[in-house]
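This briefing gathers what can be said about the fold, one helix and one residue of the structure shown below. Points are grouped by topic after a short lead.

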Amino acid sequence: MPDTAANVQALLDREAIRVLPNLYCHYVWRNDVEGLVGLFAKDGVFDEPTLGRITGHAALREIYRRALGALSPKPYIHNHVVTLEGPDRASGACYLDLRVPNRPEAGPIAGYYDDRYVKEDGRWVFAERKVTLLTELTGALAQDFARAAAK
């Protein structure tokens, strides 16, 4: 016999996790650094090829402030897949279509996120968000990313 309470909890957990990448894109679009940082665990990690591994709220706040100001990226995500791995752990992936309006010559940038999620203080957050870009960054956009990564 199915455990209705467990099934309902799994549905609630999946929905809470599925909204994280949507909020992430929303906050990037709105240049809301505090909103972005709040989506991560206290020791959460953002891992990006140019920016490197950024760990913890203070470091995330600083890199998002610089990157969003310099780049004004507009991400779109697709095909979010979530795997529950326990009552407070999950993993997932979603696919990325990134546009940078102030660098239209870059065209669309394709990639994907590999995410790990954790339930912290009763809410789901990113434990780690790793982005893989399938489109090479060139020209002025590559320079913008390099400047954002420089401290």
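Read along the sequence, the elements of this predicted model follow the pattern α-α-β-β-α-β-β-β-β-α, and the protein has four helices and six strands in total. The points below take up the overall dimensions, then helix 1, and then D115, a residue placed in strand 5 (residues 109-120).

**Overall dimensions and packing**

- The radius of gyration of the protein is 16 Å, which agrees with the value near 15 Å that a compact globule of 151 residues would have.
- Taken along the principal axes, the box filled by the C-alpha atoms is roughly 60 × 30 × 25 Å.
- Of the 151 residues, 41% count as buried, and the accessible surface comes to about 8,100 Å², with 54% of that area belonging to carbon and sulfur atoms.
- When contacts between residues at least 6 apart in sequence are considered, 56% of them join residues that are at least 24 apart.

**Helix 1**

- Helix 1 covers residues 4-29, a run of 26 residues, and its span from the first C-alpha to the last is 38 Å, close to the 38 Å expected at 1.5 Å a residue.
- At the start of helix 1, the backbone nitrogen of A5 lies within 3.3 Å of a side-chain oxygen of D3, while the residue that follows the helix, N31, has a positive phi, near 55°.
- The buried residues of helix 1 are D13, I17, L20, P21, Y24, C25, Y27 and V28.
- As background to such a list, an α-helix has 3.6 residues a turn, so residues three or four places apart point the same way.

**D115 in strand 5**

- D115, which belongs to strand 5, counts as buried because its relative accessibility is 3%, whereas the cut-off for buried is under 20%.
- Leaving aside residues up to four places away in sequence, D115 touches P21, S91, G92, C94, F126, E128, R129 and K130; of these, P21 is also among the buried residues of helix 1.
- Within its own strand, which spans residues 109-120, the side chain of D115 makes a polar contact with the side chain of Y117, at 3.1 Å.
- D115 and H78 are separated by 37 residues in sequence, and their C-alpha atoms are 14 Å apart in space.

Methods: Residues numbered from 1 in each chain as written. Predicted model: local features only at pLDDT ≥ 70, side-chain atom pairs only at ≥ 80, totals over all residues. Heavy atoms only, no water. Helix = DSSP H or I, 4+ residues; strand = E, 2+ residues; numbered from the N terminus. Expected span 1.5 Å × (residues − 1). Buried < 20%, exposed > 50% of the residue type's maximum accessible area, 1.4 Å probe, protein only. Polar contact = N/O pair within 3.5 Å; in protein donor to acceptor, adjacent residues only side chain to side chain. Contact = heavy atoms within 4.5 Å. Rg over C-alpha atoms; globule rule 2.2 N^0.38 Å. Areas by Shrake-Rupley, 256 points an atom, 1.4 Å probe, with all protein chains shown as cover.
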